[in-house]
Amino acid sequence: MSIEAVKWAMDDAPMLRTPAGKPDTTARHVLQALAEHAASDGTNAHPSNTRLQYRTGYDRRTVQRALRRLELEKLIKKDGLVQDRTRWRLALKTVRPKTDWDDLERAEEEERAATAERVRRHRKTKDVTHSKSVTETDAKSVTKSPVTDSASVSNALELRYVTDSASVCNAPSAALTTNEPPVEPPTTAMAGVGASTYGPRELVPNAPIDDDGFMVSDAMRRWAAATYPAVDVEHETAQFIRHFQANGQRRSNWAAAWQKWIAQENKWASQRRTGNNVIHLPSGQTLTGTDARVAGWLALPSEEAP
């Protein structure tokens with residue numbers, strides 16, 4: 001596996017388009033699977049169709065059609081046979097235009113502006129009707145309701161309907177009717193436990209690493225395991241993501257930044273094993289152990305800044 005070929009297939013290779021103008025993600029996935037089997041100059045990639053099916057999850061016909069599209073666009077070229085398998089050469093010198101990134105950023109800005117406009121219109125429709133548009137009715141035009149003369153009304157306050165006690169059922173055994181809803185106890189011993197009166201928390205806005213959709217592929221994991229077997233890849237990947245979520249910085253190439261992080265961690269791990277984990281600051285202060293490692297982490301973003 002070649003890091004150069006994989007990086008080209010992931011970042012630099014031109015993005016094919018479907019007849020509808022959408023990104024051809026199927027061909028892109030097959031190209032990345034080919035790159036995992038290529039040399040550093042893009043040659044000698046000869047995985048079987050079965051291997052490509054297993055790697056991508058596509059059926060045989062889908063893989064074959066994707067290979068034909070890649071060949072027609074001259075991103076790959078047949079370069080002989082290895083046993084009964086076609087050997088492919090990847091066109092690593094063919095790169096996508098830089099305007100692709102600008103187009104994506106422009107589309108993102110347009111989407112944000114459209115969303116803001118929809119929210120503004122929605123709020124405007126919920127505004128209260130202006131007072132000038134309310135119809136005023138004159139008091140004289142209101143129909144006066146008839147009032148019953150007090151002389152014809154019985155003195156209701158003096159009437160009392162008392163039921164003889166002998167005709168009343170034993171009150172404790174009678175059903176009690178109230179206007180209040182019944183209060184029922186929880187059906188289980190833990191019912192209602194953990195309930196909160198607080199509203200949902202506001203969502204934390206995404207960091208650039210989230211918006212860019214950074215993910216570690218299987219090829220990147222295999223590279224790390226083969227090159228730096230002493231590094232805990234999953235742990236360091238989590239540290240890498242949390243670091244850039246916290247500081248909100250952006251990298252032009254997240255895969256390269258991640259590779260450098262893994263390499264730096266391997267260097268620190270080696271220094272810790274040999275007792276040489278020491279950093280000399282310009283002020284003359286010397287840091288060792290965990291302090292040196294933290295200082296190295298803080299220095300890493302400035303080295304990678306685009």
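This is a short tour of pockets, cores and a hairpin, one selection at a time. The model is predicted.

**Stop 1: the largest pocket**

Select Met10, Asp11, Trp101, Leu104 and Asp212. You are at the largest pocket, where these residues are the closest to the centre among the 44 that line it. The space here comes to about 1700 Å³.

Now colour the helices around the pocket. Those giving two or more residues to its lining are α1 (3–12), α2 (25–35), α5 (99–125), α7 (218–227) and α9 (254–274). Which element gives the most to this lining? Select α5: it supplies ten residues.

Next, colour the lining by residue type. It splits into 21 charged, 16 nonpolar and seven polar residues.

**Stop 2: the second largest pocket**

Move to Asn49, Leu67, Arg85, Thr86 and Trp88. They lie nearest the centre of the second largest pocket, which has 15 lining residues. Its space is about 260 Å³.

Select α3 (49–56), α4 (60–72) and β2 (85–90), the elements that each give two or more residues to this lining. Here α4 gives the most, with five residues. By type, the lining holds six charged, five polar and four nonpolar residues.

**Stop 3: the hairpin**

Keep β2 selected and add β1, residues 76–82. The two strands pair in the antiparallel sense, over five bridges. Pick Ile76 and look across to β2: its bridge partner there is Leu90.

Then go to the turn. Two residues lie between the strands of this hairpin, and Gln83 takes a positive phi near 60°.

**Stop 4: the largest nonpolar core**

Ile76 and Leu90 come up again here. Select them with Trp8, Leu31, Leu67 and Leu70. These six have the most contacts inside the largest nonpolar core, a set of 24 residues. Elements giving two or more residues to the core are α1, α2, α4 and β2. The largest share, six residues, comes from α2.

Zoom in on Trp8. What does Trp8 touch, leaving aside residues up to four places away in sequence? Show Ala13, Leu31, Leu75, Leu90, Ala91, Leu92 and Thr94, and you have its contacts.

**Stop 5: another core**

Finish with Phe214, Ala224, Tyr228 and Phe240. They are among the 18 residues of another core, which lies apart from the largest one.

**Looking back**

Two residues link the stops. Leu67 is one of the residues nearest the centre of the second largest pocket, and Leu67 is also among those with the most contacts in the largest core. Leu90 is the bridge partner of Ile76, and Trp8 touches Leu90.

Key
Residues numbered from 1 in each chain as written. Predicted model: local features only at pLDDT ≥ 70, side-chain atom pairs only at ≥ 80, totals over all residues. Heavy atoms only, no water. 1 Å grid on protein atoms, 1.4 Å probe; cavity = no way out; pocket = protein on both sides within 12 Å on 5 of 7 lines; lining within 4 Å. Points joined across faces, edges and corners; volume = space filled by probe spheres on them. Helix = DSSP H or I, 4+ residues; strand = E, 2+ residues; numbered from the N terminus. Nonpolar A, V, L, I, M, F, W, Y, C, P; charged D, E, K, R; others polar. Core = buried A, V, L, I, M, F, W, Y, C linked by side-chain atoms within 4.5 Å. Buried < 20%, exposed > 50% of the residue type's maximum accessible area, 1.4 Å probe, protein only. Contact = heavy atoms within 4.5 Å. Pairing = 2+ DSSP bridges.
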